[in-house]
Amino acid sequence: MQAPEDRTSAKERRAIFISYRRSDSAPWTGRLAADLRRYFGKERVYLDIDSNLPARDYVVELERALHASRAVIAVLGPDWLSSSNDQGQRRLDESADLVRVELETALRLGKALIPVLVGGAGMPPGHELPPSLETLSRLQAVRLADSDWPYDFGRLLETLEGHGVLPASEADTAYPGEPTLLTTRRYERRLQASRRRAFDALTGAVELLRYPIIEVRPEAAMVTFNARRGGAVSAEVVDADPGHSTVVLKLPSVKTGAVAGISVGLAILTNGVSLAAVPALLAWQRRFAVGFFDNVEGVLEGRGVGEDSSLLPGVHAWRNRRREV
């Protein structure tokens with residue numbers, strides 16, 4: 001008999017499984033699921049109340065969904081640890097408790113497990129958890145506060161992205177296991193500014209450089225735009241330490257191994273000129289990233305933008321002279 005994960009499509013393997021206790025966190029979980037589905041797509045977010053098929057074994061459906069998921073979110077509310085059954089026994093102490101089974105299965109399968117704290121809840125100490133769940137107490141949690149939900153939700157998105165969970169628009173371009181020549185190159189720079197100030201400077205730089213904006217996501221502090229010589233680029237701001245933020249730039253690129261292979265194959269026909277393709281590509285990407293970061297810093301410090309690093313050297317000055325004329 002095939003394992004559950006073998007019967008799932010590659011697209012489904014990018015799903016998020018939400019584990020929660022209804023009596024503890026149903027309102028927060030409903031809001032979280034709605035926000036995640038708007039961002040990642042409904043089919044990628046599993047929530048028991050509307051994701052299970054009718055007339056199916058509930059436990060089997062849970063296990064199949066867990067196998068198919070890339071990340072598991074454990075929503076922990078104020079009563080998650082102490083919730084009890086009709087006999088006054090703590091539910092978490094029951095081996096058949098579904099929340100316990102979900103998290104045990106996630107840990108056993110090696111899934112990315114992300115505790116999300118709502119309603120002012122704190123992380124449960126290890127000695128108050130069943131031995132099979134002690135690992136949960138040592139995981140990095142994300143807090144979702146009602147008063148700052150959009151900002152906190154943006155941090156959760158960053159955490160999910162770090163585990164390979166991408167928005168539907170990005171995830172659809174290449175599923176795990178499918179061969180592709182494309183990849184994404186990541187560049188980053190640390191700035192002395194809060195996340196919001198850095199995001200304002202980021203969007204300001206994009207606008208002043210007149211890059212066509214594709215999408216702006218304030219909740220994730222992210223903007224996607226078209227660089228003139230490199231296609232769609234995404235830039236986002238993530239927290240560093242207090243008073244500092246990091247601007248992350250992601251450029252679509254071709255895998256250097258693929259470019260190198262093609263370049264070598266064409267070397268004879270091009271008298272060796274094609275061998276310069278890899279270093280030229282990487283040099284342009286580095287130049288663009290450094291120039292873009294410089295411009296973000298310029299806007300942050302009130303100096304505005306300088307040279308457009310997406311253009312060939314000298315073209316920026318030529319375009320400015322034309323505008324002055």
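Where is the kink in α1 centred? The kink is centred on W28 and amounts to about 40 degrees. The model is predicted. The chain holds 10 helices and 10 strands, and 45% of its 325 residues are buried. This briefing covers helix α1, its packing against helix α5, and two residues of helix α4.

**Chain-level contacts**
- Of the contacts between residues at least 6 apart in sequence, 68% join residues at least 24 apart.

**Helix α1**
- Helix α1 covers residues 22–40, 19 residues in total.
- The C-alpha atoms at its two ends lie only 23 Å apart, whereas a straight helix at 1.5 Å a residue would reach 27 Å.
- Along α1 there is a kink of about 40 degrees, with W28 at its centre.
- The buried residues of α1 are D24, S25, T29, L32, A33, D35, L36, R37, Y39 and F40.
- In an α-helix there are 3.6 residues a turn, so residues three or four places apart point the same way.
- Just after α1 comes G41, whose phi is positive at about 105 degrees.

**Packing of α1 against α5**
- Two packed helices are described by the angle between their axes and the distance between the axes.
- For α1 and α5 (residues 149–162), the angle is about 60 degrees and the axes are 12 Å apart.
- The two helices, α1 and α5, are therefore oblique to each other.
- Their crossing is right-handed.
- On the α1 side, the contact is made by W28, R31, L32, D35, L36, Y39 and F40.
- On the α5 side, the contact is made by W149, F153, L156, L157 and L160.
- W28, the centre of the kink, is one of the α1 residues in this contact.
- Among the contact residues of α1, L32, D35, L36, Y39 and F40 are buried.

**E102 in helix α4**
- E102 belongs to helix α4, which spans residues 98–109.
- Its relative accessibility is 7%, so E102 counts as buried, the cut-off being under 20%.
- Setting aside neighbours within four places in sequence, E102 is in contact with F17, S19, Y20, L62 and L66.
- V59 is 43 residues from E102 along the chain, and the C-alpha atoms of the two are separated by 9.4 Å.

**R108 in helix α4**
- R108 is also found in helix α4.
- With a relative accessible area of 56%, R108 is exposed, because the cut-off for that class is over 50%.
- The C-alpha atoms of R108 and S132 are separated by 9.5 Å, with their positions 24 residues apart along the chain counted as a sequence separation.
- Within α4, then, E102 is buried, whereas R108 is exposed.

How values were computed. Residues numbered from 1 in each chain as written. Predicted model: local features only at pLDDT ≥ 70, side-chain atom pairs only at ≥ 80, totals over all residues. Heavy atoms only, no water. Helix = DSSP H or I, 4+ residues; strand = E, 2+ residues; numbered from the N terminus. Expected span 1.5 Å × (residues − 1). Bend = angle between axes of the 7 residues up to and from the residue. Buried < 20%, exposed > 50% of the residue type's maximum accessible area, 1.4 Å probe, protein only. Axes fitted to C-alpha atoms, helices over the stretch in contact; angles between N-to-C directions. Parallel < 35°, antiparallel > 145°, perpendicular 65-115°, else oblique. Left-handed = near helix turned anticlockwise from the far one by under 90°. Contact = heavy atoms within 4.5 Å.
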